[in-house]
Amino acid sequence: MLLDLFRWMEVNLPGGPYLRESTYGFSALLTIHVVAMCIFLGLIVMMDLRLVGVANLRSRASEIQARLFPWQMVGFAVIVVSGGMLFWAQPLRYYGKTFFWWKMGLMVLAGVNAGIIHMITHRSEAAWDSTPAKVAGAASLVLWAGVLTFGRLVAYEWMTTEYLVE
């Protein structure tokens, strides 16, 4: 059923063929996606290293979060839009890529972990330096590293099953 949906999207989504067949469209979109990832993940790493207790120890974590969070969300928004458009261009190609599904799964887990971090840390100032916050920060580093790694591996043909429009 999901494969049928992806086949339908491959044929019927407007603009997909343009992005797929454009000389510069897909490449420009991919570049935007990668630059936004650098911004987003760089800021996430800065915050997570503070949570874990490795970096920026002279600044309160809540101050760092207040400064970084708006820029994290800008980077995340650009990643979501550009990633959605990359998917829009060739959904059937991504359906058969095992690494794409691993990336999506890790992104869901990273999002849940981010929610956990916010639930832990917004209780009090002391909660920023608690053991649960450190564990969640370490988990965030591992999850986002996995998202980045599997996202990079999507470009290769390893562990890929090719599906065609019927």
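These legends describe an overview and several close-up views of a predicted model of a protein chain.

**Figure 1. Overview of the all-helical secondary structure in the predicted chain, with seven helices and zero strands.** Read from the N terminus on, the elements follow one another as α-α-α-α-α-α-α, and the C-alpha trace spans about 60 × 30 × 25 Å along its principal axes. Of the 166 residues in the chain, 37% are buried, and the accessible surface comes to about 9,800 Å², with 71% of that area belonging to carbon and sulfur atoms. Among the contacts between residues at least 6 apart in sequence, 77% join residues that are at least 24 apart.

**Figure 2. Close-up of the aromatic pair formed by phenylalanine 6 and tryptophan 101.** The model contains 13 aromatic pairs, and in this one the ring centres are 5.8 Å apart while the planes stand at 50 degrees, an angle between the limits of 30 and 60 degrees, so the pair is classed as tilted. Because phenylalanine 6 belongs to helix α1 (residues 2-12) and tryptophan 101 to helix α6 (residues 98-121), the pair ties together parts of the chain that are 95 residues apart in sequence. Phenylalanine 6 is buried, its relative accessible area being 6%, whereas tryptophan 101, at 37% relative accessibility, counts as partly exposed.

**Figure 3. Close-up of the aromatic pair formed by phenylalanine 40 and phenylalanine 76.** The centres of these two rings lie 5.5 Å apart and their planes meet at 40 degrees, so this pair, too, is tilted. Distant parts of the chain are linked here, since phenylalanine 40 is in helix α3 (residues 25-52) and phenylalanine 76 is in helix α4 (residues 61-89), with their positions 36 residues apart in sequence. Phenylalanine 40 has a relative accessible area of 4% and is buried, while phenylalanine 76 is partly exposed at 32% relative accessibility.

**Figure 4. Close-up of the aromatic cluster that includes Phe6 and Trp101, together with a charge placed over one of its rings.** Ring pairs join Phe6, Phe87, Tyr94, Tyr95, Phe100 and Trp101 into a cluster. At tyrosine 94, one of the members of this cluster, the charged end of arginine 93 sits over the ring, at 5.6 Å from the ring centre.

**Figure 5. Close-up of helix α6 and the elements that its buried residues pack against.** Helix α6 has 24 residues and reaches 34 Å from its first C-alpha to its last, which is close to the 34 Å expected at 1.5 Å a residue. The buried residues of the helix are Phe99, Phe100, Lys103, Leu106, Ala110, Asn113, Ile117, Ile120 and Thr121, and these buried residues pack against α3, α4, α5 (91-95) and α7 (131-153). Isoleucine 116 is also found in helix α6, but with 35% relative accessibility this residue counts as partly exposed. The C-alpha atom of isoleucine 116 is separated by 33 Å from that of glutamine 90, a residue 26 residues away along the chain.

**Figure 6. Close-up of the surroundings of threonine 121 in helix α6.** Threonine 121 is buried, with a relative accessible area of 2%, and its side chain reaches the backbone oxygen of isoleucine 117 at 2.8 Å. When residues up to four places away in sequence are not counted, threonine 121 touches Leu51, Ala127, Trp128 and Ala133.

**Figure 7. Close-up views of two loop residues, serine 22 and asparagine 56.** Serine 22 lies in the loop between α2 (16-21) and α3, where its side chain reaches the backbone nitrogen of glycine 25 at 2.8 Å. The relative accessible area of serine 22 is 19%, which falls under the 20% limit, so this residue counts as buried. Asparagine 56 lies in the loop between α3 and α4, and its phi is near 55 degrees, a positive value in a residue other than glycine. With a relative accessible area of 39%, asparagine 56 is partly exposed.

Terms used:
Residues are numbered from 1 along each chain as its sequence is written. This is a predicted model: local features need pLDDT of at least 70, side-chain atom pairs count only at pLDDT 80 or more; totals for chains, interfaces and linings use all residues. Side-chain values use heavy atoms; hydrogens and water are left out. Rings of Phe, Tyr and Trp (its six-membered ring) pair if their centres lie within 6.5 Å; planes under 30 degrees apart count as stacked, over 60 as edge-to-face and the rest as tilted. Helices (H or I, at least four residues) and strands (E, at least two) are DSSP runs, numbered from the N terminus. Buried means under 20% relative accessible area, exposed over 50%, partly exposed in between (1.4 Å probe, protein chains only). A charge sits over a ring if NZ of Lys or CZ of Arg is within 6 Å of the ring centre and within 35 degrees of the ring normal. The expected span of a helix is 1.5 Å times one less than its number of residues. Contact means heavy atoms within 4.5 Å. A polar contact is a pair of N or O atoms within 3.5 Å; within protein, one must be able to donate a hydrogen and the other to accept it, and residues adjacent in sequence count only if both atoms are side-chain atoms. Accessible areas come from the Shrake-Rupley method with a 1.4 Å probe; for residues, only the protein chains shown count as cover.
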